[in-house]
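This report describes a protein model at the level of chains, secondary structure and single residues. The sequence and coordinates are shown first.

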Number of protein chains: 2
Amino acid sequence: MVERVYNFSPGPAVLPYEVLEQASRDILNFQGTGMGLIEVSHRSKEFMAVTDQAEALLRELMRIPDNYKVLFLQGGASSQFFMVPMNLLGTGKKACYLNTGTWAKKAIKEAKLFGEVEVAYSSEEQNFVRVPQASEYQISDDAEYLYLVSNNTIYGTQFPEFPKADKMLVCDMSSDILSRTFDVSQFGLIFAGAQKNLGPAGVTIVVIREDLLDRTPPNTPTMLSYKTHADKGSMFNTPPCFAVYIVGEVLKWLKKTGGVEAIEKINREKAALLYAKIDESAYYRGHAEVASRSLMNVTFNLPTKELEAKFVAEATAIGLNGLKGHRSVGGCRASIYNAFPRDGVVKLVDFMRKFEKNNPA
Amino acid sequence: MVERVYNFSPGPAVLPYEVLEQASRDILNFQGTGMGLIEVSHRSKEFMAVTDQAEALLRELMRIPDNYKVLFLQGGASSQFFMVPMNLLGTGKKACYLNTGTWAKKAIKEAKLFGEVEVAYSSEEQNFVRVPQASEYQISDDAEYLYLVSNNTIYGTQFPEFPKADKMLVCDMSSDILSRTFDVSQFGLIFAGAQKNLGPAGVTIVVIREDLLDRTPPNTPTMLSYKTHADKGSMFNTPPCFAVYIVGEVLKWLKKTGGVEAIEKINREKAALLYAKIDESAYYRGHAEVASRSLMNVTFNLPTKELEAKFVAEATAIGLNGLKGHRSVGGCRASIYNAFPRDGVVKLVDFMRKFEKNNPA
């Protein structure tokens with residue numbers, strides 16, 4: 001095995017090394033075809049099997065009911081910000097959005113192009129340190145859906161559980177899909193860019209309830225209608241084959257690891273180790289309110305900006321990479337997605353302890 | 001080296017083996033970072049350099065003038081079918097389209113959602129056996145652009161040279177970009193899905209004249225405006241990193257091979273070998289008219305459907321893969337893109353000769 005660093009990057013992010021090893025072989029000769037993985041026709045039986053298996057595994061691991069379609073799309077989560085309202089809203093129709101961070105805000109901006117948007121909650125004035133409890137916002141009776149971002153990568157907040165609303169939920173799960181169990185049937189639509197828990201950048205997963213496929217207004221461009229892709233099994237045009245393949249391999253790894261229940265247990269343990277260190281003294285201060293803390297992205301500050309810079313530099317020097325926080329929060333961020341190894345968290349906690357001792361405030 | 005077949009697939013298609021070897025290594029450990037290529041942040045200096053170099057090489061190899069932007073987008077060429085008119089047309093405005101095959105037809109359908117479309121030429125009634133000469137169609141004075149597909153993968157036709165029109169050209173070059181020299185300054189916009197001459201499926205190259213970036217109507221979704229991506233160097237959202245990386249590696253290979261002039265010479269020679277065999281007897285019949293023949297996709301029929309099936313099966317058995325023609329043309333298709341080796345063409349011609357001898361009509 002080559003020397004690996006611990007990669008705390010928020011995305012693209014660490015992937016299971018066995019997935020990379022498999023890809024490294026398949027890219028030269030895929031399943032003995034004498035062609036590399038990215039040279040094989042997307043309509044070949046070999047590649048169709050890749051897509052079918054990725055979908056089947058996702059259905060199994062997330063327990064997706066039969067009346068939902070799974071789509072592999074391009075354009076990133078950012079394209080879902082407009083595709084959701086383009087397909088599900090319409091002039092005079094209303095949707096309810098919870099503004100819990102940068103990605104929610106961008107989604108709100110796009111939704112306003114297609115219908116009426118009701119921002120039922122916002123933590124923007126508190127620099128997004130929290131997500132709301134259900135009692136803190138009201139959903140209009142005539143709202144088509146309640147939109148939320150389950151985990152806010154930049155701020156390190158996460159809905160500890162999903163709202164039990166009468167409305168169907170639409171959720172951006174880009175940064176925590178497959179990290180914990182939940183009931184898909186509450187949702188009309190779930191989407192996730194792959195580059196955190198699922199695979200490489202370049203493919204976006206959409207899980208959509210079948211009856212919603214008929215809501216798309218006429219004169220929507222063919223490629224922007226969910227139905228186009230649902231009807232053709234995500235093969236209306238050439239899919240991002242390599243990215244879909246990696247997603248399939250990551251799902252195989254997740255199943256072998258014990259599935260979502262098992263990874264959730266590991267994720268909770270990893271996060272608990274880090275938050276315990278943060279709470280141990282006043283030296284490290286968590287950005288997120290305790291009740292809104294994310295299991296995926298742990299954001300924290302040190303006593304001064306200078307110490308933060310020194311912390312990141314020294315961590316990098318010992319193979320703890322990607323800890324610099326997002327510019328809108330500053331400080332540090334440890335992204336510890338599904339594939340991030342527990343050992344890396346232990347090493348970080350140990351480093352935090354030593355750094356605090358050696359660099360008193 | 002692993003055993004390689006000759007892959008005549010129309011796309012995803014054969015890539016230079018040295019590119020696959022490099023990717024196979026980088027996917028495990030990218031430039032000694034201790035992280036795999038697809039785990040590295042798109043904002044890291046290592047990955048930014050990948051994007052910058054890919055763009056610089058494309059500019060150099062295609063001789064792209066400074067007043068053009070190069071974008072790396074997602075969604076395939078199929079997304080350009082609507083993005084072009086969404087950004088460049090508008091209610092009451094007109095564009096002129098040449099209908100030379102399936103992909104042109106799909107582009108026409110999407111353009112009609114955004115403005116008036118004048119189909120100035122169509123070879124549909126002749127099953128798209130030809131592309132027009134400039135004398136065969138008229139362009140309205142008030143047309144915003146002339147749209148054409150430079151190479152028609154399915155039918156094996158190609159514009160031998162680009163129209164010398166007063167209008168700016170908009171061109172889908174998905175299946176022949178970088179295969180021959182031409183003057184970019186005739187074009188307002190060029191796009192190409194990567195999975196033929198450029199790399200893997202999952203990234204689309206757009207080359208757009210800068211002044212066109214301001215034509216996008218207000219209320220266009222952010223992700224669908226070319227300006228969004230131009231202003232952010234294709235980093236408005238996470239790009240399809242792996243696909244962009246492979247494009248960069250393919251461009252390095254092309255430069256080493258001698259650039260577009262050198263590959264054009266090789267492409268002409270490869271195609272000439274195949275067409276000479278087709279013209280040698282009445283046994284093989286080319287689908288495309290001689291003056292419209294493609295250098296990239298050579299389409300031909302045998303005396304009977306049974307012989308065609310036998311031909312494809314026997315070819316596959318000796319490592320000549322992917323020769324089955326598209327269902328709308330039938331027969332055989334040999335796709336011989338930039339990375340397809342001359343040796344494979346020689347082997348195919350030899351096989352064609354033997355097959356004809358052993359299987360008289």
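The text below treats the conventions, the relation of the chains, one sheet, the nonpolar cores, selected residues and backbone geometry.

## Conventions

The model is predicted: local features need pLDDT of at least 70 and side-chain atom pairs count only at pLDDT 80 or more, whereas totals for chains, interfaces and linings use all residues. Residues are numbered from 1 along each chain as its sequence is written, chains are lettered from A and ligands numbered from 1 in the order in which they are written, and side-chain values use heavy atoms, with hydrogens and water left out.

## Relation of the chains

A turn of 180° with a shift of 0.0 Å along the axis lays chain B on chain A, with an RMSD of 0.0 Å. This is the relation of a two-fold axis. In chain B, the C-alpha nearest the axis belongs to B:Ser24, at 2.2 Å from it. The superposition is by least squares on the C-alpha atoms of residues with pLDDT of at least 70 in both copies. Of the interface residues of chain B, 100% are also interface residues in chain A, so the copies meet through the same surface.

## A sheet of chain A and its helices

Helices (H or I, at least four residues) and strands (E, at least two) are DSSP runs numbered from the N terminus. Two strands pair if DSSP finds at least two bridges between them. In chain A, an open sheet of 7 strands follows the order S2-S10-S9-S8-S5-S3-S4, with mixed pairing. Its edge strands are S2 (68-73) and S4 (116-122) of chain A, each of which pairs on one side only. On average, neighbouring strands of this sheet are turned by 15° against each other, direction ignored. Within chain A, strand S5 (residues 143-149) and strand S8 (residues 169-172) run parallel and are joined by 4 bridges. A:Val149 has A:Asp172 in S8(A) as its bridge partner.

Helix H2 (residues 45-62) of chain A packs on the sheet, where H2 touches S2 and strand S10 (204-209) of chain A; the direction of H2 makes about 130° with that of S2(A). Helix H3 (residues 76-88) of chain A lies across S2, S3 (94-99), S5, S8, S9 (187-193) and S10 of chain A, and runs at about 155° to S9(A). Axes are lines fitted to C-alpha atoms, for helices over the stretch in contact, and angles run from 0 to 180 degrees between N-to-C directions.

## Nonpolar cores

A nonpolar core is a set of buried Ala, Val, Leu, Ile, Met, Phe, Trp, Tyr and Cys residues joined through side-chain atoms within 4.5 Å. Buried means under 20% relative accessible area, exposed over 50%, and partly exposed in between (1.4 Å probe, protein chains only). In the largest core, of 190 residues, A:Phe311 and B:Phe311 touch the most other members. Contact means heavy atoms within 4.5 Å. Not counting residues up to four places away in sequence, B:Phe311 touches B:Tyr284, B:Phe300, B:Leu302, B:Leu323, B:Cys332, B:Leu348, B:Phe351, B:Met352 and B:Phe355. A second, separate core of 68 residues includes A:Ala230, B:Met83, B:Val84 and B:Ala111.

## Two buried polar residues

A polar contact is a pair of N or O atoms within 3.5 Å; within protein, one must be able to donate a hydrogen and the other to accept it, and residues adjacent in sequence count only if both atoms are side-chain atoms.

B:Asn297 belongs to strand S12 (residues 297-301) of chain B. B:Asn297 counts as buried because its relative accessibility is 0%. Its side chain forms a polar contact of 2.7 Å with that of B:Asn151. Not counting residues up to four places away in sequence, the residues that B:Asn297 touches include B:Thr153, B:Ser175, B:Tyr275 and B:Arg333.

B:Thr238 lies in the loop between helix H5 (226-231) and helix H6 (241-257) of chain B. With 13% relative accessibility, B:Thr238 counts as buried. The side chains of B:Thr238 and A:Gln195 make a polar contact of 3.2 Å. Beyond four places in sequence, B:Thr238 touches A:Pro12, A:Gln195, A:Ala201, B:His42 and B:Gln74.

## Backbone geometry

The table lists two residues other than glycine that have positive phi.

| Residue | Phi | Relative accessibility |
|---|---|---|
| A:Asn219 | near 70° | 61%, exposed |
| B:Arg63 | near 50° | 59%, exposed |

A:Asn219 is in the loop between S10 and helix H5 (226-231) of chain A, and B:Arg63 is in the loop between helix H2 (45-62) and strand S2 (68-73) of chain B.

The peptide bond from A:Gly11 to A:Pro12 is cis, with omega near -10°. A:Pro12 is placed in the loop between strand S1 (6-7) and helix H1 (17-26) of chain A. In chain B, a cis peptide bond with omega about -10° joins B:Gly11 and B:Pro12.
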